[in-house]
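Please look over the model below. A short report on its strands, one helix, a loop residue and a cavity goes with it.

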Amino acid sequence: MRYTKVFTQSRFQTRAQNNFKVDNKEKGVFLGNRSGDQQRSALVGKVLEQGKIANVLDFSLFCDVSFPHVIGIFGSRGSGKSFDLGVLIEGIFLSDTLTPSSVTDAAIVFDVQDQFWTLGYSPQSSLDVDQEQLRDLKRWGLEPCAIPNVRVLVPDASDTSVPHAIPFSLSADQLSVSDWLAILELERFSAMGQALLALLEEGGALPPGQLADSCAGSPAMSRFQQATVDGLSWRLRGLEASGVIKNTGLLIDELLRPGTLSVVLMRNLDDAVRGLIVGVISRLVSDRMGRVQQSRKVAMRTGAAAEDTSNLTGRLWMVLDEAHVLVPNDGATAATAPLIDYVKRGRDAGLSLVFATQQPSAVNTKLMSQVDLTFTHMLGFDADLNAAVARMPTRSTVDYDVDNEKANSISDVIRSLGPGEAIMADSSSGRVLVARIRPRVTAHGGATPK
């Protein structure tokens, strides 16, 4: 990308050394790079701090997208978290080092606000709503663009008006016992939990409505009290109403096609059903990717015939917002165990996760412990500030002046951030830095940070 000057001064000043990877010739700073060379990197913004020792103000800021990462994005409502998710997705599919047609990554976006389907569209000069974005892009030296191969998936029962959306459901046999227990909010060793297990063992994997029908007259149910059987049947009827679990389900390999971005619309679903969808898909793609990578390794070492997986990606990105709801620190949802397993498998299976939350203190600590790169926007509450700083995977005790006044801590700097400004931290750098996130190059369904 051709370098374009955007900022000539900043209200953030530091006396710290630049303990991160800098390309002074190309005026670039690189985060998340562990291999020593640039490989594939995504432009995410500009450095927005003025150094008194070695100044990199306005240097282009790049994030590595060649190595599996767990990226956490933290910030209060309206600070730019969802915007960052879009910027990172653009970087994966519109990388400077690749043409869109040669991208081999795949990504799945769990879209709780139904706003990421616009990644498949470029901003238009004929639309008033896009005018400011187009002016920002020109100022940054960026061109409007659209991501090819965007597949929008929507639950069968949804009435979305998003064009070209593909209806989907989960098949009953794609759910594990743990999935059934989680979505029905049952303890395994409770009376209803045991009744459910007996019902599944007797009748096999059936949609919830059919399972509810089979409760009446089932030999397996005869050893349970009628109140227990009735309670289980009512819960199954309630789950049937969501329309998510049917006889036929999502084809997982379709989500893993190289160069494919799948956007799963979930705005009209309640949190429990969202958790089920995220959990089941996370588990299935994790298992599939693990088997694919193992098959490739065995074939390489032994020369043995392997499954033809040339039509499947070697790198998968999962993207989700509102992580504190899907993977809470107090309790569990149907997504909790699968997502934690997903990030723990990450490196060997080529799995990356990008998640955003306005409450980092409320996100499961097992997930947070896997984070290796963070974007931290403005946060106001001490609990969330402390959680965000604790998860920064590098030194955060940097000496900053903000608006010519000394900041006593990195928390003070975070509190002073405006929309679209962020503290960046990664495990391959020696300290944090302040950045301004770049404009989106695709059309966006949310508001632009100002």
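The report starts with the covered strands and ends with the cavity.

This is a predicted model: local features need pLDDT of at least 70, side-chain atom pairs count only at pLDDT 80 or more, and totals for chains, interfaces and linings use all residues. Residues are numbered from 1 along each chain as its sequence is written, and side-chain values use heavy atoms, with hydrogens and water left out.

**Covered strands**

Helices (H or I, at least four residues) and strands (E, at least two) are DSSP runs, numbered from the N terminus. Buried means under 20% relative accessible area, exposed over 50%, and partly exposed in between, with a 1.4 Å probe and protein chains only.

Strand 13 (residues 261–265) has five of its five residues buried. Leu 261, Val 263 and Leu 265 point one way, while Ser 262 and Val 264 point the other way. Strand 14 (residues 316–320) is also mostly covered, with five of its five residues buried. Leu 316, Met 318 and Leu 320 lie on one side of strand 14, and Trp 317 and Val 319 on the other. In a regular strand the side chains alternate between the two faces of the sheet.

Two strands pair if DSSP finds at least two bridges between them. The table lists parallel pairings of these strands.

| Strand pair | Bridges | Residues opposite each other |
|---|---|---|
| Strand 8 (residues 106–111) and strand 13 | Five | Asp 111 and Leu 265 |
| Strand 9 (residues 150–155) and strand 13 | Four | Val 150 and Leu 261 |
| Strand 8 and strand 14 | Five | Ala 106 and Leu 316 |
| Strand 14 and strand 15 (residues 351–357) | Five | Leu 320 and Phe 355 |

Strand 8 thus appears twice, pairing with strand 13 and with strand 14.

**A mixed sheet**

Four strands form an open sheet in the order 5-1-17-18, with mixed pairing. Strand 5 (50–51) and strand 18 (405–406) stand at the edges, each with a single partner strand, so one side of each has no neighbour in the sheet. Inside that order, strand 1 (residues 12–14) and strand 17 (residues 400–402) run antiparallel and are joined by three bridges. Phe 12 has Val 402 as its bridge partner in strand 17.

**Helix 2**

Which residues of helix 2 (residues 131–140) are buried? They are Gln 133, Leu 134, Leu 137 and Trp 140. These residues cover an arc of only 125° around the axis, which puts them on the same side of helix 2. The arc is that of the directions from the helix axis to the C-beta atoms. Arg 135 and Lys 138 are exposed on the other side. The buried residues pack against strand 4 (41–47) and strand 20 (433–437), where contact means heavy atoms within 4.5 Å. Just after helix 2, Gly 141 takes a positive phi of about 75°.

**An exposed loop residue**

Phe 381 sits in the loop between strand 16 (373–376) and helix 12 (382–390). Phe 381 is exposed, with a relative accessible area of 65%. From Gln 359, Phe 381 is 22 residues away in sequence and 9.0 Å away in space, C-alpha to C-alpha.

**The cavity**

A cavity is a set of points on a 1 Å grid over the protein atoms alone where a 1.4 Å probe fits but cannot get out; lining residues have an atom within 4 Å of a point. The whole structure has one cavity of 30 Å³ or more. The largest cavity holds about 30 Å³ of space, a volume being the space filled by probe spheres set on the points. Its lining includes Val 65, Phe 67, Arg 315, Leu 316 and Trp 317.

Conventions. On a 1 Å grid over the protein atoms alone, a cavity is a set of points where a 1.4 Å probe fits but cannot get out, and a pocket is an open set with protein on both sides within 12 Å along at least five of seven lines; lining residues have an atom within 4 Å of a point.
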